[in-house]
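Work through the exercises below with the model open. Try each task before you read its solution.

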Amino acid sequence: MRDVLNATSTKNTLGMLRNHDAKTILILEGDSDLMAFRDFINRSSCRFLVADGKVEAVEAIEWSDIQKFSGVLAIVDSDFVDLAEARSSSPNVIYTDNYDLDAFIFLSEGPVERSIEHLCSYDRYSEPDGGKRYFRNIRDQVIAMAKLIACLRLYSISDGMGVAFDKFPFGEVYQGANLDLDEDKLQRIVASRIKAPDPEGIFADWWSRAATEAQPSERIVQGHDLFRCLGLVIASKHGKSHEGEIWERMARSHFTIDHLRNSKFYAASVAWCEKNQRMLWL
């Protein structure tokens with residue numbers, strides 16, 4: 001039986017597995033989550049299924065609850081749950097600490113630092129404590145760049161606008177040696193994607209709200225955005241041009257079970273295992 005399954009068959013396969021296999025079943029929403037977790041899952045006691053997205057993963061769990069299956073758990077991205085998205089009422093759905101798993105990896109201490117060391121020359125930040133300051137400055141700059149788009153994405157969803165911000169062209173709005181924000185360019189790009197009367201007025205409202213946004217950056221920034229911005233920052237500092245996907249894959253390779261154990265969602269999954277008398281992690 002394949003571990004990674006077509007999303008259209010997730011419910012059927014889940015039912016078949018539960019009827020013929022007593023192992024814990026962990027449902028993940030995407031292949032990138034599987035890549036991050038697969039080395040930490042106890043294969044002797046747990047199977048994993050990959051759904052085609054968060055909605056499918058949560059629906060599979062809620063269907064499983066109706067069927068009264070035991071030992072089925074989903075770990076999915078928080079996205080804007082409790083901010084602009086409803087939380088599943090199922091006790092068998094666990095949400096990531098940050099917007100998504102990639103954001104959690106970026107914000108964990110170690111994976112990004114090791115990735116920069118691997119792909120860039122180390123001599124520019126090897127002085128005593130220079131490394132920590134250097135990484136902290138990069139992290140702060142990247143988070144600030146990504147937060148602006150995170151706010152606009154949040155307002156688009158909460159206002160029911162449905163503006164597409166995936167694969168946002170950060171390189172077009174952050175330019176120059178210091179990656180300064182081109183506000184006019186940002187407005188033109190975002191306004192062109194708003195399919196409603198007075199897009200400039202809508203953007204102006206979002207821009208004003210973003211200036212005083214109270215949500216912590218670490219809660220709303222998207223992982224893909226962070227790694228795309230990281231690519232821009234490193235290119236400006238080192239001249240090393242790598243796409244965000246390269247940085248994501250590199251950071252995942254430096255993500256360890258100790259990083260996982262520092263998460264709230266790991267603690268929640270351990271509590272779930274104790275309550276359900278199940279095993280999930282190594």
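**Exercise 1. Which strands does helix 14 lie across, and at what angle does it run to strand 4?**

Solution. Find helix 14 at residues 264-276. Helix 14 lies across strand 1, strand 3 and strand 4. To strand 4, it runs at about 160°. Helices (H or I, at least four residues) and strands (E, at least two) are DSSP runs, numbered from the N terminus. Contact means heavy atoms within 4.5 Å. Axes are lines fitted to C-alpha atoms, for helices over the stretch in contact, and angles run from 0 to 180 degrees between N-to-C directions.

A note on the source: this is a predicted model, in which local features need pLDDT of at least 70 and side-chain atom pairs count only at pLDDT 80 or more, while totals for chains, interfaces and linings use all residues. Residues are numbered from 1 along each chain as its sequence is written, and side-chain values use heavy atoms, with hydrogens and water left out.

**Exercise 2. Give the strand order of the open sheet, then its edges.**

Solution. Step one: the four strands run in the order 2-1-3-4, with parallel pairing. Two strands pair if DSSP finds at least two bridges between them. Step two: strand 2 (46-50) and strand 4 (93-95) are the edges, each pairing on one side only. Step three: neighbouring strands are turned by 25° against each other on average, direction ignored.

**Exercise 3. Over how many bridges do strand 1 and strand 3 pair?**

Solution. Take residues 24-28 for strand 1 and residues 72-76 for strand 3. They pair in the parallel sense over four bridges. Now look at Ile 27: Ala 74 in strand 3 stands opposite.

**Exercise 4. Classify two aromatic pairs, then check the burial of their rings.**

Solution. The whole structure holds 14 aromatic pairs. Rings of Phe, Tyr and Trp (its six-membered ring) pair if their centres lie within 6.5 Å; planes under 30 degrees apart count as stacked, over 60 as edge-to-face and the rest as tilted. Trp 63 and Phe 69 are 5.6 Å apart centre to centre, with 75° between the planes: edge-to-face. Phe 170 and Tyr 174 have ring centres 6.5 Å apart and planes at 15°, so this pair is stacked.

Next, burial. Buried means under 20% relative accessible area, exposed over 50%, partly exposed in between (1.4 Å probe, protein chains only). Trp 63 has 24%, so Trp 63 is partly exposed. Phe 69 is buried at 18%. Phe 170 is buried at 2%, and Tyr 174 is buried at 7%.
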